[in-house]
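Hi everyone, thanks for making time this morning. I'd like to walk you through one structure, so please have a look at it with me.

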Amino acid sequence: MCARRPPRRPPARVAEFAAVSSSRALAQALNDALPQTQCTRCGYPDCRAYAEAIAAGETEINQCPPGGAEGIARLAALTGRPALPLNPANGTEAPRQLAVIDEAWCIGCTLCLKACPVDCIVGGPKAMHTVIDELCTGCELCIPACPVDCISLHPVTGARTGWQAWSEPQAAQASARYAWHRAREQRDDAERSERLAALSTMRR
């Protein structure tokens with residue numbers, strides 16, 4: 001008995017499927033070309049969201065200060081769009097900075113731990129916090145999170161900026177750590193919801 005062939009997609013559905021696949025592939029390539037600092041200065045919650053917006057034609061390619069001019073050139077090559085100057089509304093291209101915590105002033109509030117997208121800050125409640133230098137992406141998100149202004153930023157790459165101040169291995173490491181950070185947040189949220197549901201059941 002001959003096996004039945006799967007039904008063919010209508011031509012319109014084939015074109016739609018191909019367009020979606022192409023957009024996803026472009027978004028992945030764009031994401032891989034970004035520095036993965038997850039700084040949100042592009043106006044999006046993370047590098048992946050920015051890449052997807054570019055792939056969808058919803059935003060420009062010149063909104064990533066950490067990538068700088070070289071980063072814009074990479075995105076231009078992938079999209080076929082002209083390379084534009086970095087949009088000043090998103091920031092300026094500058095040497096990479098490292099977050100440093102003044103441990104004498106740190107109150108152990110843990111807010112910077114929650115703000116760090118790559119979990120490079122270690123410490124506990126009411127205990128001194130510190131930054132793991134080699135993991136810090138210089139995203140600056142810990143600065144506004146600190147209620148006592150005990151975190152400062154220090155340039156660590158001399159005159160080197162953009163991709164000259166960052167490397168592919170560092171970007172890959174930051175991407176992996178951000179993925180782990182997101183997974184941990186989702187796990188913590190799920191556990192918190194379970195605990196609240198259990199308490200609600202007990203009180204009935």
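Let me start with a question: which residues in α3 are buried? The answer is Gly-68, Gly-71, Ile-72, Leu-75 and Ala-76. They sit on the same side of α3, because the arc they cover around the axis is only 140°. And if you turn to the face pointing away from that buried side, you find Ala-69 and Ala-77, which are exposed.

Before I go on, please keep in mind that this is a predicted model.

Let's stay with α3 for a moment and check its length. The helix runs over residues 68-79, which makes 12 residues, and at 1.5 Å a residue it should span 16 Å. The C-alpha atoms at its ends are 17 Å apart, so the model agrees with that expectation. Right after α3 comes Gly-80, and its phi is positive, near 80°.

Now let's step back to the whole chain. There are six helices and four strands, and reading along the sequence you get α-α-α-β-α-β-β-α-β-α. The chain has 204 residues, and 35% of them count as buried. As for contacts, take those with a separation of 6 or more: 62% of them join residues 24 or more positions apart.

On to the pockets. The largest pocket holds about 260 Å³ of space. Which helix gives the largest share of its lining? That is α6, with six residues. Both α4 (111-115) and α6 (168-203) supply at least two lining residues each. If you want to find the place on your screen, look for Thr-110, Leu-113, Lys-114, Asp-119 and Ile-121, and then for His-181, Arg-184, Glu-185, Asp-188, Asp-189 and Arg-192; together they line this pocket. By character, the lining has seven charged residues, two polar and two nonpolar.

The second largest pocket has a volume of about 220 Å³. It is lined by 16 residues, and those closest to its centre are Arg-41, Pro-66, Ala-94, Pro-95 and Arg-96. How does this lining divide into nonpolar, polar and charged residues? Here we have seven nonpolar, six polar and three charged.

So, to put the two pockets side by side for you: seven charged residues in the lining of the largest one, and three in the lining of the second largest. And for α3, the picture to take home is a helix with its buried residues on the same side and Ala-69 and Ala-77 exposed on the face turned away.

That's it from me. Thanks for listening!

Conventions
Residues numbered from 1 in each chain as written. Predicted model: local features only at pLDDT ≥ 70, side-chain atom pairs only at ≥ 80, totals over all residues. Heavy atoms only, no water. Expected span 1.5 Å × (residues − 1). Buried < 20%, exposed > 50% of the residue type's maximum accessible area, 1.4 Å probe, protein only. Arc of directions from axis to C-beta. 1 Å grid on protein atoms, 1.4 Å probe; cavity = no way out; pocket = protein on both sides within 12 Å on 5 of 7 lines; lining within 4 Å. Points joined across faces, edges and corners; volume = space filled by probe spheres on them. Nonpolar A, V, L, I, M, F, W, Y, C, P; charged D, E, K, R; others polar. Contact = heavy atoms within 4.5 Å.
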